[in-house]
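Let's take a walk through this protein and see how its helices and its core fit together. Have the model open as you read.

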Amino acid sequence: MTFAPFAVPEYTAADFSQDTWWISLIKAVFIIVFLIVNVLIALWVERRGLGRMQTRPGPNVAGPLGLFQAFADAGKLLFKEDMWTRRAERFLYFLAPAIAAFAAFSVFAVIPMGPNVTIGPISTPLQLADTPVASLYILAVTSLGLYGIVLGGWSTRSTLPLYGAVRSSAQVISYELAMGLSLVSVFLMSGSMSTSRIVAAQGQFWWAFTLFPAFVIYCISATGEVNRLPFDLPEAEGELVAGHMTEYSSMKFGWYYLSEYVNMLNVSAVATTMFLGGWHAPWPLSHVEFVNSGWWGMLWFFLKIWFFMFLLVWTRATLLRFRYDQFMNLGWKRLMPIALGWLVLVALVRGITQFVQVTTPVLFGGVGVLFLIALAFIWLTDRSEPGEATASEREYTGFEDGFPVPPLPGQTPVASPRAAASIEGEAATATEADSPKESTDE
């Protein structure tokens, strides 16, 4: 083991020259097992975490600390009655959850989980495959998963699932654009769209710090991409029951349920690869060769993924669901313009560094500060005028921007017409009862 406190290790892209078919088969099977095991862990962590954050126990009966609750749920889905609706388009009704699951499990094929290691006489990277456009493959596969949701909602020929499918399609398209723009700045700085080369380019510093605005935009967009609170509008229980999954049962529902959690792992893995250095150890351990090479990369990769998974659970326990118009305004009027503006700045800085000798962290740190100042200025100037009445001071009509909304503190609720008619009827009855009866005697 060597320790060089000021030396910067040299990292190279993945080398697949010695891979054989059986090595690829082992990797593929490992990815499937890895994802399924992590889904079981995620179910337990989320339920226990939400329970602690919301001052309730969470699962604590099935096994020690409720560890077997996820297995009990999986068994219930396996043996539950498989129902088919009469009006459903049968082929698409069955195909839709399979498409969602297939797309979810396919993303990890190009995710580097570690450097080159030795398996017997063969040196192979801890990655199934890589291409010069592997990042585009990720975006394409995640878009393909949308077909599983849309077809699932449409094929049931039921109202609520169709509403959920339409909401989900609009949501994924909106937030995938902002997420794609945030990743383009990573491609510009790395000089490649190969996932292993992007990880290798973060040997000195992680893009989460030098490209911090893009990192924040990605985290928000990824939360919307996987339909998690506060962006779970396609599955809003109070409005659409379970959205596109309403008419599904047994393992067809289970495939949707599984794909949702696998997609959480996918966006966490992409965030780790693009912004947190992939399998590289955090500083200062990154300068210790022993813990920053070989199978140790799997450990750092796993810990970084679960850092993002915890953020998703924490967000669900903390924030309330957005109204749909607020959610779409955030995606189209906030995230995309900010992501596009940041991308222009990154392109300018990338061009400047070709001619001016300035260290990249210092340059991007200054640009990031200017960018945040500009955002603060835009936010302050976008506030209401001093003479304009606030929402709580305006007369409450039951609607805001065309959408029904509850009253804010300080606003008086509007009485329903039925209640007003009932009150008028009671008042008229009371008046008749109190008025003296006219004598009929002559």
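In this predicted model, one helix contact to look at is the one where Tyr 261, Met 264, Leu 265, Ser 268, Ala 269, Ala 271, Thr 272 and Thr 273 of α10 meet Phe 301, Lys 304, Ile 305, Phe 308, Met 309, Leu 312 and Arg 316 of α11. Sorted by class, the residues of this contact come out as 10 nonpolar, 3 polar and 2 charged. The axes of α10 and α11 sit 9 Å apart, at an angle of about 120°, and the two helices are therefore oblique to each other. Their crossing is right-handed.

Now turn to another pair, α8 and α12. These helices pack with their axes 10 Å apart and at an angle of about 150°. That angle is over 145°, so α8 runs roughly antiparallel to α12. The crossing of α8 and α12 is left-handed. On the α8 side you'll find Pro 213, Ala 214, Ile 217, Ile 220 and Ser 221, and they meet Leu 330, Leu 335, Ile 338, Ala 339 and Trp 342 of α12. The residues of this contact split into 9 nonpolar, 1 polar and no charged.

Here are the two pairs side by side:

| Helix pair | Angle | Axis distance |
|---|---|---|
| α10 (residues 250–275) and α11 (residues 296–318) | about 120° | 9 Å |
| α8 (residues 212–225) and α12 (residues 324–352) | about 150° | 10 Å |

What about the core? In soluble globular proteins, nonpolar side chains tend to be buried together. Here the largest nonpolar core has 59 residues, and the ones touching the most other members are Phe 108, Tyr 218 and Phe 275. Helix α10 gives this core its largest share, 11 residues.

Which residues does Phe 108 touch, leaving aside its neighbours within four places in sequence? The list is Ile 31, Phe 34, Leu 35, Met 113, Leu 265, Asn 266, Ala 269, Phe 301 and Ile 305. Some of those names should ring a bell: Leu 265 and Ala 269 of α10, and Phe 301 and Ile 305 of α11, also take part in the contact between these two helices.

Apart from the largest core lies another one, of 10 residues, including Tyr 175, Ala 178, Ile 217 and Leu 233. Ile 217 is also one of the α8 residues that meet α12.

Finally, step back to the whole protein. It has 14 helices and 4 strands, and 43% of its 442 residues are buried. Of the contacts with a separation of 6 or more, 76% join residues 24 or more positions apart.

Conventions. Residues numbered from 1 in each chain as written. Predicted model: local features only at pLDDT ≥ 70, side-chain atom pairs only at ≥ 80, totals over all residues. Heavy atoms only, no water. Axes fitted to C-alpha atoms, helices over the stretch in contact; angles between N-to-C directions. Parallel < 35°, antiparallel > 145°, perpendicular 65-115°, else oblique. Left-handed = near helix turned anticlockwise from the far one by under 90°. Contact = heavy atoms within 4.5 Å. Nonpolar A, V, L, I, M, F, W, Y, C, P; charged D, E, K, R; others polar. Core = buried A, V, L, I, M, F, W, Y, C linked by side-chain atoms within 4.5 Å. Buried < 20%, exposed > 50% of the residue type's maximum accessible area, 1.4 Å probe, protein only.
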